[in-house]
Amino acid sequence: MAKVDPFTRENIAQGLIAAAEEMFLTWGRTSQSTIIYEVLDYACGLTDARGNLIAQANGVTGFLGAITYSVISTLEKFGPENLKPGDIILTNDPFTGSGTHLCDVSAVLPIFYGGELVAFAASKGHWNEIGGKNLGSWSTNATEIYQEGLQFPVIKIYEEGKLNEAVRDMIAANCRTPDMTLGDLYAQTASLRIAERRVLELFDKYGKDAVMESIQTLLENGRKLALKELAKMPKGTFEAESFIDANANGLGDVYIKAKVTITDDSFLIDLTESGDQIAAPINCTKFGAYSAGRIIYHALLNPDAEPNEGFYSPLKVMVREGSIFAAVRPAPVSTNWEALSHITDLVAKALAPVIPERITAGHFLSIIGTILAGIEDGTGQPFVLCEPHAGGWGAGYNKDGENGLVAIADGETFMIPVEVAEYKYPIMVEQYAFNLNTGAGKYRGGCGLIRDYRLLNSNGELTTIVSRHRIPPWGFAGGKDGSPNVVEIHPADGSGPIIGATFSNYPMRKGDLVRFISGCGGGYGDPLERPVEKVWQDVKDQLITIETAAREYGVIIDPVTLEVDREKTEKLRIEMSRQN
């Protein structure tokens with residue numbers, strides 16, 4: 001085999017990445033669901049013929065690696081010999097490789113060149129409706145997976161290019177919004193064919209040998225980069241523990257623990273001491289845990305690295321079957337992101353003392369997944385608003401926390417814009433503001449958000465869940481804790497409010513308002529070390545109150561002139577320092 005020169009090899013590698021990104025853009029532009037084309041709750045990528053990830057385009061970081069496992073589950077079921085050009089396989093089974101919950105459907109297309117299987121195009125994204133007991137399909141009070149929607153056990157939706165109409169009809173018959181769901185299916189599968197076309201163009205242009213060698217080199221370079229970054233990391237075993245406090249199905253907090261062991265050639269996350277799975281949907285499967293490991297590993301080692309199997313090869317995630325992080329069938333998993341997200345936080349918290357320059361204090365963490373749904377008065381048809389929420393991130397060793405940013409497991413996703421939400425659904429967004437209860441510190445935690453939805457329809461139902469409801473985001477190095485996530489329902493009759501962390505198909509009536517208050521990030525460093533001028537500027541920018549400036553930072557500001565009283569400030573800071 002002729003050796004490929006480095007310029008050609010790089011062109012091929014970038015061509016594979018471009019194919020994944022074009023697949024991503026194609027699906028987003030042709031989808032019918034706001035959860036896809038506005039929120040970007042999906043991911044697309046390519047693997048080699050063995051299922052090794054070679055390129056990925058992400059909206060949701062929680063899908064890092066899920067593409068790998070979806071392809072591997074396809075190979076395990078069919079084997080290369082039973083896959084043909086034009087086949088497209090569907091899987092959403094969390095227990096055999098799809099990895100998250102039933103709404104997240106993976107589609108896999110084998111790519112053949114000269115009759116040989118050379119690669120796979122794969123994608124994974126949230127279908128807004130896939131059956132189950134609740135509008136929007138995922139629920140917060142499920143006790144088994146059979147309540148959560150249709151399951152696709154690694155099945156062919158297209159066979160040699162021909163649509164399996166029986167499967168299509170089964171999907172349509174079991175979804176409350178069949179046109180939208182099938183529209184998402186067609187958009188997703190069409191985007192796979194775009195990627196296939198682009199990959200085959202690379203094979204035609206450079207030849208099979210050159211492309212295959214370039215893929216192998218890409219994976220080898222990914223591993224070399226990972227080992228280079230591991231060499232910079234502290235060596236040893238580091239631990240952190242916490243609780244998932246969503247109180248799902250009234251079952252209380254779930255104990256969780258991570259041990260992180262770093263060596264010259266491995267990054268091991270041991271989750272085996274965490275609590276057992278529960279009869280509530282906050283469990284994740286082992287594949288969800290593997291994806292969570294990739295999220296935080298990638299962020300800590302080198303966030304600019306291209307995702308591929310070589311880069312992830314030093315990572316190992318250990319789980320215990322039957323635990324909250326490795327649930328087994330028929331455990332419910334429809335709000336699996338609560339467990340998945342906490343894995344990333346445990347690893348960050350364990351390593352924060354030894355690599356403080358790479359880690360921020362705790363953030364609001366929970367996706368605050370939300371469904372506001374009902375039967376629309378004018379049309380008699382179901383509507384399903386489904387979205388995550390953004391919140392406050394923790395401060396770092398040299399920066400304030402980010403305001404109003406989506407949680408770590410949601411990556412590059414978005415909330416639905418106010419104008420789109422009001423146009424598409426019978427609601428009014430009455431407030432969209434910062435939550436100012438940030439964690440104080442030398443560097444201040446980021447602000448969470450407050451978002452109010454007023455229902456304009458005669459009927460509706462709310463499904464949502466938050467963790468970090470009682471246990472706030474952690475402060476670090478002397479910084480104060482942030483504030484928790486809260487959901488409030490304000491009935492139109494003036495009663496209430498009803499305050500909680502978990503609501504499942506909670507009935508709402510016209511004029512009722514639901515308020516989402518996302519938590520604020522933890523602070524970093526002693527608040528008394530924050531320069532007076534920065535505290536004063538925060539007050540002027542209305543990011544903290546005058547009272548907070550005095551109570552947390554020891555800075556006295558005149559409420560009329562908004563000028564700092566230097567003498568009183570100096571005295572108060574000395575007094576507060578002595579008390580600490």
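This passage walks through the overall build of the chain, then its cysteines, then the surroundings of one serine.

The model is a predicted one. Its protein chain holds 13 helices and 22 strands. With a radius of gyration of 25 Å, close to the 25 Å that the globule rule gives for 580 residues, the chain is as compact as a globular protein of that length. Laid out along the principal axes, the C-alpha atoms fill a box of roughly 80 × 60 × 40 Å.

A look at the inside and the outside comes next. Of the 580 residues in the chain, 60% are buried. Contacts that reach a long way along the sequence are plentiful: among those with a separation of 6 or more, 71% link residues 24 or more positions apart. On the outside, the chain exposes about 21700 Å², and carbon and sulfur atoms supply 51% of that area. As for charge, there are 52 positive and 74 negative charges, and the mean positions of the two sets are 3 Å apart.

What about the cysteines? The disulfide count comes to zero, where a disulfide would need two cysteine sulfur atoms within 2.5 Å. Take Cys 44: the closest cysteine sulfur to its own belongs to Cys 103 and sits 18 Å off, so the gap is too far for a bond. Cys 44 is buried, with a relative accessible area of 0%. For Cys 103, the closest cysteine sulfur is found in Cys 386, at 6.9 Å, and that is again too far for a bond. Cys 103 counts as buried too, its relative accessibility being 1%.

Cys 44 turns up again around Ser 123, which it touches. Ser 123 lies in strand β5, the stretch that covers residues 116-126. Is this serine buried or exposed? With a relative accessible area of 1%, under the 20% cut-off, Ser 123 is buried. Leaving aside residues up to four places away in sequence, Ser 123 touches Trp 27, Ala 43, Cys 44, Val 105, Ser 106, Ala 107, Gln 188 and Leu 192. One of these partners, Val 105, is 18 residues from Ser 123 along the chain, and the C-alpha atoms of the two are separated by 8.2 Å. Put together, Ser 123 is a buried residue of strand β5, in contact with residues that include Trp 27 and Leu 192.

Key: Residues are numbered from 1 along each chain as its sequence is written. This is a predicted model: local features need pLDDT of at least 70, side-chain atom pairs count only at pLDDT 80 or more; totals for chains, interfaces and linings use all residues. Side-chain values use heavy atoms; hydrogens and water are left out. Helices (H or I, at least four residues) and strands (E, at least two) are DSSP runs, numbered from the N terminus. The radius of gyration is taken over C-alpha atoms; the globule rule is 2.2 Å times the number of residues to the power 0.38. Buried means under 20% relative accessible area, exposed over 50%, partly exposed in between (1.4 Å probe, protein chains only). Contact means heavy atoms within 4.5 Å. Accessible areas come from the Shrake-Rupley method with a 1.4 Å probe; for residues, only the protein chains shown count as cover. Lys and Arg count as positive and Asp and Glu as negative; His and the chain ends are not counted. The place of a charge is taken as NZ of Lys, CZ of Arg, CG of Asp or CD of Glu.
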